[in-house]
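Me: I am new to this structure and would like a close look at a single part of it. Could you take me through the open sheet, step by step, and then show me what lies around it?

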Amino acid sequence: MLKGKKIILGITGSIAAYKACYIIRGLIRQGAEVQVVITPAGKEFITPITLSALTSKPVISEFFAQRDGTWNSHVDLGLWADAMLIAPATASTIGKMANGIADNMLITTYLSAKAPVFVAPAMDLDMYAHPATQKNLEILRSYGNYIIEPGTGELASHLVGKGRMEEPENIIRVLDEFFSANGELQDKKIMITAGPTYEKIDPVRFIGNYSSGKMGFALAEECARRGAQVTLIAGPVQLKTQHSRIRRIDVESAGEMSVASKKYFAEADAGILCAAVADFRPEVVADKKIKREKEEELTLHLQATEDIAASLGALKGKNQLLVGFALETNNEQQNAEGKLERKNFDFIVLNSLNDAGAGFRYDTNKISIIDRKGRTDYPLKSKTEVAQDIIDRLSDELKLLTLNP
């Protein structure tokens with residue numbers, strides 16, 4: 001939700017100043033406009049020409065831009081911004097901010113800012129732990145500033161940490177989460193299933209599939225980024241969630257996923273069924289490891305697992321949406337349309353193992369979205385971009401549902 005946002009990035013005299021380059025790149029990649037204001041000490045650690053090349057804007061450091069009387073208006077700059085981020089923020093700058101010591105362009109801009117201010121401290125542990133620094137940070141918090149704690153990447157509720165500046169990607173995520181709290185999916189509850197299920201044969205073997213969970217996790221992050229409260233029901237995968245609005249429920253088997261899905265879909269505005277659920281499970285699970293011994297064959301009797309999608313489709317209320325996925329190898333369109341009807345989906349996302357770069361394990365995907373009105377095809381994209389396309393569609397459907405309950 002940083003697209004179109006105007007961000008002032010304040011840089012101070014810290015060895016961590018080089019990380020400002022990564023912050024700028026990350027903000028611009030998400031569509032933000034960045035104006036750098038740097039202290040004189042900050043220029044000793046990173047050159048304004050580097051920062052200007054990244055932002056495509058002149059770097060502001062002094063009150064007067066030229067010797068002809070042209071000056072930089074800290075008041076106008078403070079009114080221009082949607083947010084001000086000071087990263088890295090040294091103990092000296094934090095002290096000046098807390099006590100209103102307006103002796104450089106950064107502090108005067110801070111004092112004029114009408115937008116929310118985020119502060120990422122950067123100093124050694126002893127300086128950070130000193131009572132004077134802690135007092136100044138408490139003062140900044142009392143002013144309504146947001147302190148991005150070292151080592152957590154979260155808005156500070158209390159002051160702990162190791163003094164080291166938080167990593168750029170986490171700082172960007174804090175800003176993103178702040179603005180996305182008022183996104184188009186605000187107050188919506190979305191349930192998402194992701195990953196494979198494992199159906200035990202014995203204590204060391206199982207029936208499973210190649211699903212990595214990447215698509216489902218990308219969908220969860222995108223929904224949360226737009227303001228939704230997300231419940232992610234994840235099969236056994238190695239992925240981690242990032243956004244604080246994602247509640248993760250780990251399951252292993254189709255049975256466990258069914259129980260969790262029914263529980264959390266009941267309170268959801270929409271469900272996205274992205275998991276690759278096993279269709280069959282062993283009829284009998286051995287309590288000990290099955291030995292090969294002299295046998296050359298092993299016969300497993302399988303029985304069908306519950307069709308979670310069909311069960312949720314039957315439970316779906318008139319004010320709920322349900323999105324399905326179809327991974328096909330043949331008769332793609334026909335099979336997807338069949339699932340759309342049988343399982344009472346509002347739309348279904350089709351992808352084919354016949355498309356290069358699509359399906360399990362890849363970081364890319366190529367999809368089509370099918371509903372009762374037709375089909376929309378999309379080119380091969382990263383799964384993050386595919387998630388954006390799917391959630392764009394979900395968001396539109398939720399708006400229509402709100403207008404026509």
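Reply: Happy to help; here is a walk through the sheet, followed by some places elsewhere in the chain.

Please keep in mind that this is a predicted model. For a little orientation, the protein chain has 405 residues, of which 50% count as buried. Its secondary structure comes to 13 helices and 19 strands, and the C-alpha trace spans about 85 × 55 × 35 Å along its principal axes.

Now to the sheet itself. Eight strands make it up, and going across you meet them in the order 10-9-6-11-14-15-17-18. The sheet is open, and its pairing is mixed. At the edges you will find strand 10 (246-250) and strand 18 (374-377). Each of these two has a single partner strand, so one of its sides is left without a neighbour in the sheet. From one strand to the next, the twist averages 20°.

Let us start at the strand 10 edge and step inwards. Strand 10 runs parallel to strand 9, and five bridges join the two. To see one of these contacts, find isoleucine 233, whose bridge partner in strand 10 is isoleucine 249. Strand 9 itself covers residues 229-234, and five of its six residues are buried, so the rest of the structure largely encloses this strand.

On we go to strand 6 (residues 189-194), which is joined to strand 9 by six bridges and also runs parallel to it. Here a good pair to look for is lysine 189 with glutamine 229, its bridge partner in strand 9. Just a little before strand 6 comes a loop that follows helix 8 (168-180), and aspartate 187 lies in this loop. Its phi is near 75°, a positive value in a residue other than glycine. Aspartate 187 counts as exposed because its relative accessibility is 65%, and the cut-off for exposed is over 50%.

Further along the sheet, strand 11 (residues 270-273) pairs with strand 14 (residues 321-328) in the parallel sense, over four bridges. In this pairing, alanine 270 stands opposite leucine 321 of strand 14. Strand 15 (347-352) is also worth finding, since the loop between helix 12 (332-342) and this strand holds asparagine 344. Asparagine 344 is another non-glycine residue with a positive phi, of about 60°. With a relative accessible area of 31%, asparagine 344 is partly exposed.

Next, the surroundings. A loop runs between strand 12 (280-282) and strand 13 (302-304), and leucine 298 is found there. Leucine 298 has 56% relative accessibility and therefore counts as exposed. Together with Phe280, Leu300 and Leu302, this leucine makes a nonpolar surface patch of about 380 Å².

What about disulfides? A search of the whole structure finds zero. Cysteine 223, for example, is in no disulfide: the nearest cysteine sulfur belongs to cysteine 274 and is 11 Å away. Cysteine 223 is also buried, with a relative accessible area of 0%.

Two more spots make a nice finish. In strand 3 (residues 83-89) you will find proline 88, and the peptide bond leading to this proline from alanine 87 is cis, with omega near 5°. Glutamate 138, in turn, lies in helix 7 (residues 131-142) and counts as partly exposed at 39% relative accessibility. Its C-alpha atom is separated by 8.8 Å from that of alanine 98, although the two residues are 40 residues apart along the chain.

How values were computed
Residues are numbered from 1 along each chain as its sequence is written. This is a predicted model: local features need pLDDT of at least 70, side-chain atom pairs count only at pLDDT 80 or more; totals for chains, interfaces and linings use all residues. Side-chain values use heavy atoms; hydrogens and water are left out. A disulfide is a pair of cysteine sulfur atoms within 2.5 Å. Buried means under 20% relative accessible area, exposed over 50%, partly exposed in between (1.4 Å probe, protein chains only). Patches are made of residues with over 30% relative accessible area and no salt bridge: like charges are joined within 9 Å, nonpolar side chains (Val, Leu, Ile, Met, Phe, Trp, Tyr) within 5 Å. Accessible areas come from the Shrake-Rupley method with a 1.4 Å probe; for residues, only the protein chains shown count as cover. A salt bridge is a side-chain nitrogen of Lys or Arg within 4 Å of a carboxyl oxygen of Asp or Glu. Two strands pair if DSSP finds at least two bridges between them. Axes are lines fitted to C-alpha atoms, for helices over the stretch in contact, and angles run from 0 to 180 degrees between N-to-C directions.
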